[in-house]
Amino acid sequence: MPQEMSLTEIEAVARTAHAGQTDKAGRPYAEHLAAVAEGVRARGGQDDLVAAAWLHDAVEDGALSEEWLAGAALAQRTKDVVRAVTKREGEDPEAYARRILATPGARLVKAADLAHNADPDRLAVLDEHTARRLSHKYARMRGLLGLTPDD
């Protein structure tokens with residue numbers, strides 16, 4: 001078994017995979033990944049969960065394939081969490097939340113993701129309709145995951 005990738009290597013892979021992508025506010029997507037990784041660390045997440053934070057949108061966004069993830073030199077928990085937080089086409093929010101809750105560590109990564117997505121400064125640059133729609137979407141998912149304001 002090859003040695004697991006370091007966090008520095010995982011960050012580089014994630015930044016390269018998402019190069020040229022922007023978030024809804026037009027900011028480089030890597031800023032979101034870095035914020036989620038930092039959010040996981042601030043919430044007490046270990047390196048395998050910080051790694052999952054860097055990769056949390058990679059498969060969903062098509063930046064990396066499931067085949068890449070399966071063969072990557074990553075901790076099994078990192079792979080499990082990335083798969084858990086990867087939304088599936090046509091999946092309802094309740095099923096998505098159940099998978100996250102059933103996967104150790106996934107709730108913490110999703111909490112950091114939602115916290116950054118719902119940051120008022122990020123939402124403020126969006127049009128009012130989009131900001132309101134996303135705020136409701138994020139609040140609903142927080143509720144489904146049982147997240148409190150302290151999460």
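Biologist: Why is Leu126 called buried?

Modeller: In this predicted model, Leu126 has a relative accessible area of 16%, and since buried means under 20%, Leu126 falls in the buried class.

Biologist: Where is Leu126 found, and with which residues is Leu126 in contact once its neighbours within four places in sequence are left aside?

Modeller: Leu126 lies in the loop between α8 and α9, the latter spanning 128–144. With those neighbours set aside, Leu126 is in contact with Lys24, Ala25, Ala131 and Leu134, where contact means heavy atoms within 4.5 Å. As for Met141, 15 residues away along the chain, its C-alpha atom is separated from that of Leu126 by 20 Å.

Biologist: What makes Ala124 count as exposed?

Modeller: The relative accessibility of Ala124 is 61%, and the term exposed requires a value over 50%, so Ala124 counts as exposed. Ala124 belongs to helix α8, which covers residues 120–124, and its C-alpha atom is separated by 27 Å from that of Ala63, 61 residues apart along the chain.

Biologist: How do you know whether Gln3 is buried or exposed?

Modeller: The relative accessible area of Gln3 is 74%; set against the cut-off of over 50%, that value makes Gln3 exposed. Gln3 sits in the segment before α1, and its C-alpha atom and that of Arg99, 96 residues apart along the chain, are separated by 28 Å.

Biologist: Which residues of helix α1 are buried, and how do you know that they line one face of the helix?

Modeller: Within α1, which runs over residues 7–17, Ile10, Ala14 and Ala17 are buried. Viewed down the axis of α1, the buried residues fall within an arc of 65°, and therefore they line one face of the helix. The general background is that an α-helix has 3.6 residues a turn, so residues three or four places apart point the same way.

Biologist: What do the buried residues of α1 pack against, and which exposed residues does the face turned away from the buried side carry?

Modeller: The buried residues of α1 pack against α2 (29–42) and α3 (47–55), while the face turned away from them carries the exposed residues Thr8 and Thr16.

Biologist: How many helices and strands does the chain have, and what makes it as compact as a globular protein of its length?

Modeller: The secondary structure comes to 9 helices and 0 strands, in the order α-α-α-α-α-α-α-α-α along the sequence. The radius of gyration is 15 Å, close to the 15 Å that the globule rule gives for 151 residues, so the chain is as compact as a globular protein of that length. Taken along the principal axes, the C-alpha atoms fill a box of roughly 50 × 35 × 30 Å.

Biologist: What percentage of the 151 residues counts as buried, and what percentage of the contacts between residues at least 6 apart joins residues at least 24 apart?

Modeller: Of the 151 residues, 43% count as buried, and among contacts between residues at least 6 apart in sequence, 59% join residues at least 24 apart. The chain exposes about 8,000 Å², of which carbon and sulfur atoms supply 51%.

Conventions. Residues numbered from 1 in each chain as written. Predicted model: local features only at pLDDT ≥ 70, side-chain atom pairs only at ≥ 80, totals over all residues. Heavy atoms only, no water. Buried < 20%, exposed > 50% of the residue type's maximum accessible area, 1.4 Å probe, protein only. Helix = DSSP H or I, 4+ residues; strand = E, 2+ residues; numbered from the N terminus. Arc of directions from axis to C-beta. Rg over C-alpha atoms; globule rule 2.2 N^0.38 Å. Areas by Shrake-Rupley, 256 points an atom, 1.4 Å probe, with all protein chains shown as cover.
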